[in-house]
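Welcome, and please open the structure in your viewer. We will go from stop to stop, with something to select at each one.

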Amino acid sequence: MISIKNLTCEYKVNPIGIDVAKPRLSWQISSDERNVFQCAYQVKVMEDKNFQESEGDLIWDSDKVDSDQSIHVEYNGPELQKCKRYYWKVKVWDEKENESEWSETAFWEMGLLEPDDWQAIWIHPNIAEDTSKSQPCPMLRNEFTLAGKVKQARVYATSLGLYEIEINGTRVGDQVLTPGWTSYKNHLQYQTYNVTSLLNSGENAVGVILGDGWYRGYIGFRDQRNFYGDKLGLLFQMLVVYEDGKTQIITSNKGWKSSTGPILASDIYNGEIYDARLEKDGWSQIDYDDSDWMEVETSEHSKEIITAPAGPPVRKIEEIKPVEKMQTPAGETVFDMGQNMVGWVRLKVNGEAGTKVILKHAEVLDQEGNFYTTNLRRAAQTIEYTLKGEGEEIFEPHFTFQGFRYVSVEGFPGEPDIDSIKGVVIHSDMTPTGEFECSHPLINQLQHNIVWGQKGNFVDVPTDCPQRDERLGWTGDAQVFVKTATFNMDVAGFFTKWLRDLAYDQSDDGGVPHIIPDVLGGANSAAWADASTIIPWTIYVQYGDKRLLEEQYPSMKAWVGYVQNQAGETHLWTSGGHFGDWLSYNPGDSGGSGAITDKDFIATAFYAYSTYLVLQAAKVLDKEGDVDKYSDLLKNIKSAFIDEFVTPNGRVGSNTQTAYVLALMFDLLPPNMRKQAAERLVADVQKRGNHLTTGFVGTPYLCHVLSSFGHLDVAYDLLNQETYPSWLYPVKKGATTIWERWDGIKPDGSFQDAGMNSFNHYAYGAIGEWLYGVVAGIKAVPEAPGFKHVLIQPQPGGGLSQARASMKTVYGEVSSEWNLDNGKFNISIVVPHNTTGTIRLPRAIMRKVKESGKSLSNVEGIYGIRQADNSVIIDLGSGEYNFVYEIA
């Protein structure tokens, strides 16, 4: 018996307010049997959720389609209408012609689709401001009348700056930091809200607070403000549908009023100043006296750039209670949250009017145990709350966020207790998809740190850090981590949104900025700008998203074209400014023990790799002319690379770990030189006492290269290393996230350079991909993207006796759980339905392997078995399996 579950549209469950002309529909198959394949499907799309076909509301019927496609099935019916909801369901047939029941009904709802759909007018507060510094947050309000009983209502809203909406005294929605951060001059998101339950027949009121946010607040580390503009604004449109079918549209217009209130300043970096005595009670309700409020200004700001969000919104995801309250040697009252987190603190306080409570935020305490904020640079990360004195007061900030583990409290009336504050964790609301654990507790903590680094830095854009005066979408950090990110969470929509901004901010000659959205101006560093090719390809492989690959293909080509123009006929990229192997091991001694890899080497290696990725994309997209073009270009780059950087005796580039890693990972060496290159890499690791020397560029690939070229033991030696530099060194130092530097806290307890020393920086967390893909063995293959064919090839080692990983793919959950006990290897796996798998059993002899107690030749679902050296390779269909054998 088969059934259908987990229906999604554009990666979302029952989304409202989308603007995709041909939405893609996906579903998963459920069955208790093995080897279940979809052979056909039928999709129906209706206007009525009850699917009364006889009433003529059938929009599209795909009829029975002979296909195994169950992800990204494109709607192919009549043109979709703005603001309309469409219901859909699907049924499938398996390879035995068993027919499923119709699925549960799902829906999607269109938003505003064209600029002309916006009847609203851009409005701006008409208040005196000095925008060279943070200003009080403007408040906007209006009242409106509804002439009947409301059937449904939607608000479509966006802003210049950030916004929060209230209707009749109730906050609208649960999203924060809306409309998010994009390349505002090219791309501005709007949000859609279901506000049906908030409206009354008759009189109603709406209020909106605006904040500086990324639009005009401090941004970057150059003390710049007003980067996108100096005037905050609102675009608000409400569609009301009455029970009798009539409609009414309420919009932002010149009839609104503006003022300021209790938020005296709110800034992404610096925090918020709030005086509760200035609250305007009832300001978003009817009958409020706004006679002293100012009128608003209007403008013709562009509506052409407004789109619905492709990615998930930022939300409050979880809450953390402090684990300890302490007094530091300096006399500070400090709460330890027990976790380096991103978000803010909810304050609970009772005191006299005018009392000011100050909350400061830090990631670490110094060597003496005092509050340490020097590494925040100019970011104040401070909340100031002035009490109104009317009993218990509960406060959360509005348009800021902090990166912190420790909170100092000043000015609290009386003595704060452990319940006086609570941490509110925010990040983009990405569905958790992956789990990894093993028998080594320090590696489990490492995985924990990787996940929390991702949480803290995936706040609408993939930022480098969440605490100092930076928090920018560095392209290099994003590309090295993207594959790990796909295992931990569903990031397809998140990166779809960000990649569009990358394409928007790309220069006419194909150059790619260092950060996206670009607020700094620098561009074209190797390994950073290659995010333009690496990330779209990774999302394609991990999610099977061909449409995104097609959308980004011009950007990918443009980047390689830029580098090709720089390299010319030499096919070597030796010009421009590059970050190189950023933060590689460099102790600063005079003995030459540092590991600096030549930047021309790195640039040319990534030139080759991006060319290879564009070539692969061209094959997928059937761009035959480009396949020939990039095949020839890649061949020429590789030849030039070998001539320039590889000696006849096998020395590669700067003779660093990163040099050998890149040459091997990117397949830049001829077959006869690869073994020696891997051995040279191993020799360098071992002469340094099993320590790595790689930086941002080499680290993601280091263990992959070692395990791929026969040196699994050395890869595990690096993973298990507990002294500096290593992945576990920060764990031993008490880290709860990934650090920016290998030695953010030095062995003697002192700090690295405070000018650049984040304790929440996910790049080195790229080792997570190796934990999933090698330790547990779960991998996707480009030939069957999205895990349509699953590889499960665990490689036990490093003293581990057990490992378990799972990942919720677009087809369903893949899992691999193995344990090694007294020479017996036991592994349980799950392959999702409508996919196939290949499992490689290490150190196995075919005749000794049992599956659920049976010899392999008698197992349902297995369709191929072969011995390959000391491994047994099994091709199998979907389902759950358990293999047991004595290690050979």
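A residue is called buried here when its relative accessible area is under 20%, exposed when that area is over 50%, and partly exposed in between. Keep in mind that you are looking at a predicted model.

**Stop 1: a pair of neighbouring rings**

Select Tyr-228, which has 11% relative accessibility and therefore counts as buried. Now add Phe-227, whose relative accessible area of 27% makes this residue partly exposed.

Before that pair is examined, take in the wider setting: the structure holds 55 aromatic pairs. One of them brings together Tyr-75 and Trp-108, with ring centres 5.7 Å apart and planes at 70 degrees, so this pair is edge-to-face. It links distant parts of the chain, since Tyr-75 is in the loop between β7 and β8 while Trp-108 belongs to strand β9 (residues 106-110), 33 residues apart. Are these two buried or exposed? Tyr-75 is buried at 0% relative accessibility, and Trp-108 is buried with a relative accessible area of 0%. Back at Phe-227 and Tyr-228, the two rings also form an edge-to-face pair, at 4.9 Å centre to centre with 85 degrees between the planes.

Next, select Asn-226. What is its phi? The value is near 55 degrees, which is positive in a residue other than glycine. Asn-226 sits in the loop between α1 (213-216) and β19 (233-242), and its 23% relative accessibility makes it partly exposed.

**Stop 2: another positive phi**

Go to Cys-83, in the loop between β7 (73-74) and β8 (85-94). Its phi is positive too, near 65 degrees. Cys-83 counts as buried because its relative accessibility is 16%, and the limit for buried is under 20%.

**Stop 3: a strand with two neighbours**

Select strand β43, residues 824-831. In a regular strand, side chains alternate between the two faces of the sheet. Which residues make up the covered face of β43? They are Phe-825, Ile-827, Ile-829 and Val-831, while Lys-824, Asn-826, Ser-828 and Val-830 make up the uncovered one.

Now show strand β42 (residues 813-821), which pairs with β43 in the antiparallel sense over 7 bridges. Two residues lie between these strands in a hairpin, and Asn-822 in the turn has a positive phi of about 50 degrees. Then add strand β49 (residues 879-886), which runs antiparallel to β43 and is joined to it by 8 bridges. Ile-829 is a good residue to centre on: its bridge partner in β42 is Ser-816, and Tyr-881 in β49 stands opposite it.

**Stop 4: two cis peptide bonds**

Select Ile-516 and Pro-517, where the peptide bond is cis with omega near -10 degrees. Pro-517 is in the loop between α4 (492-505) and α5 (531-543). Then move to Tyr-724 and Pro-725, also joined by a cis peptide bond, with omega about -10 degrees. Pro-725 is in the loop between α12 (712-720) and α13 (728-732).

Stay with Tyr-724 a little longer, since this residue is part of an aromatic cluster that also holds Tyr-372, Tyr-585, Tyr-729, Trp-739, Phe-751 and Phe-759.

**Stop 5: charges over rings, and a surface patch**

Select Lys-455 with Trp-452: the lysine lies over the face of the ring, 3.8 Å from its centre. Arg-471 lies over the face of Phe-401, at 5.0 Å from the ring centre.

Finish with Leu-264, Ile-273 and Leu-278, which make a nonpolar surface patch of about 200 Å². Leu-264 lies in strand β22 (residues 263-267).

How values were computed: Residues numbered from 1 in each chain as written. Predicted model: local features only at pLDDT ≥ 70, side-chain atom pairs only at ≥ 80, totals over all residues. Heavy atoms only, no water. Patch = residues over 30% accessible without salt bridge, like charges linked within 9 Å, V, L, I, M, F, W, Y side chains within 5 Å. Areas by Shrake-Rupley, 256 points an atom, 1.4 Å probe, with all protein chains shown as cover. Salt bridge = Lys/Arg side-chain N within 4 Å of Asp/Glu carboxyl O. Helix = DSSP H or I, 4+ residues; strand = E, 2+ residues; numbered from the N terminus. Buried < 20%, exposed > 50% of the residue type's maximum accessible area, 1.4 Å probe, protein only. Pairing = 2+ DSSP bridges. Phe/Tyr/Trp six-rings, centres within 6.5 Å; stacked < 30°, edge-to-face > 60°. Lys NZ or Arg CZ within 6 Å of the ring centre and 35° of its normal.
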